[in-house]
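Here's a quick look at one chain, from its surface down to its pocket. Have the sequence and the 3D view side by side as you read.

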Amino acid sequence: IALALAALLALASPARSEVLGTGATIPGFALEDQHGTVRPVDTSVRTIVLTRDMEAGEMVKSVLSEDGAARLSKAGAVYVSDVSRMPGLIRSTIAEPRLRQRTYPVLLDRDGEVTKPLPSAAGRPTVLVLEELLIVRIEEPMTPDALRALLDALAETPPAAH
């Protein structure tokens with residue numbers, strides 16, 4: 001499985017280093033969640049919630065602490081955390097065991113390469129609204145209430161017909 005994951009990640013890693021914006025298509029990818037399950041981010045995903053720091057992660061945690069898996073599922077969303085800046089020992093002995101207690105999947109970008117081209121804001125989660133991996137909207141909610149409202153609105157929006 002590790003070899004297959006490495007091959008998927010190698011294929012999914014973008015060759016360019018610029019940050020993608022609205023109108024760009026992200027490459028599909030797969031990442032392991034906090035339980036070691038490989039989860040794809042493909043055309044079935046309508047929303048990516050991305051965090052790169054503890055402050056943004058805490059905001060997402062507060063919103064998803066109750067019914068997180070259902071909230072993500074209804075919004076067609078995946079939660080991706082870039083944990084590459086965290087020292088490996090801290091990540092493996094403290095952060096990942098704590099993440100395993102969460103009742104919703106957290107996809108982990110351990111080396112930061114997969115999520116490198118995705119936009120982000122310090123201290124806030126970035127919500128990428130997608131249609132067939134095309135970024136149609138980028139939001140950076142400033143409060144847990146704003147993130148909650150955004151996810152709820154996305155849950156009420158049917159997927160685009162293709």
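About 8,400 Å² of the chain is exposed, with carbon and sulfur atoms supplying 56% of that area (accessible areas are Shrake-Rupley values with a 1.4 Å probe). Buried residues, meaning those under 20% relative accessible area, make up 43% of the 162 residues.

Keep in mind that this is a predicted model, where local features need pLDDT of at least 70 and side-chain atom pairs count only at pLDDT 80 or more, while totals for chains, interfaces and linings use all residues. Numbering starts from 1 along each chain as its sequence is written, and side-chain values use heavy atoms, with hydrogens and water left out.

As for the fold, there are five helices and seven strands, taken as DSSP runs (H or I, at least four residues, for helices; E, at least two, for strands) and numbered from the N terminus. Their order from the N terminus is α-β-β-β-α-α-β-α-β-β-β-α. Of the contacts (heavy atoms within 4.5 Å) with a separation of 6 or more, 69% join residues 24 or more positions apart.

Now the largest pocket: its volume is about 530 Å³, the space filled by probe spheres set on its grid points. It's lined by 20 residues, and M54, E58, M86, A95 and R102 are the closest to its centre. Lining residues have an atom within 4 Å of a point on the 1 Å grid. These elements each supply at least two of them:

| Element | Residues |
|---|---|
| Helix 2 | 54-64 |
| Strand 4 | 77-82 |
| Helix 4 | 88-99 |

Helix 4 gives the largest share, five residues.

Notes
On a 1 Å grid over the protein atoms alone, a cavity is a set of points where a 1.4 Å probe fits but cannot get out, and a pocket is an open set with protein on both sides within 12 Å along at least five of seven lines; lining residues have an atom within 4 Å of a point. Buried means under 20% relative accessible area, exposed over 50%, partly exposed in between (1.4 Å probe, protein chains only).
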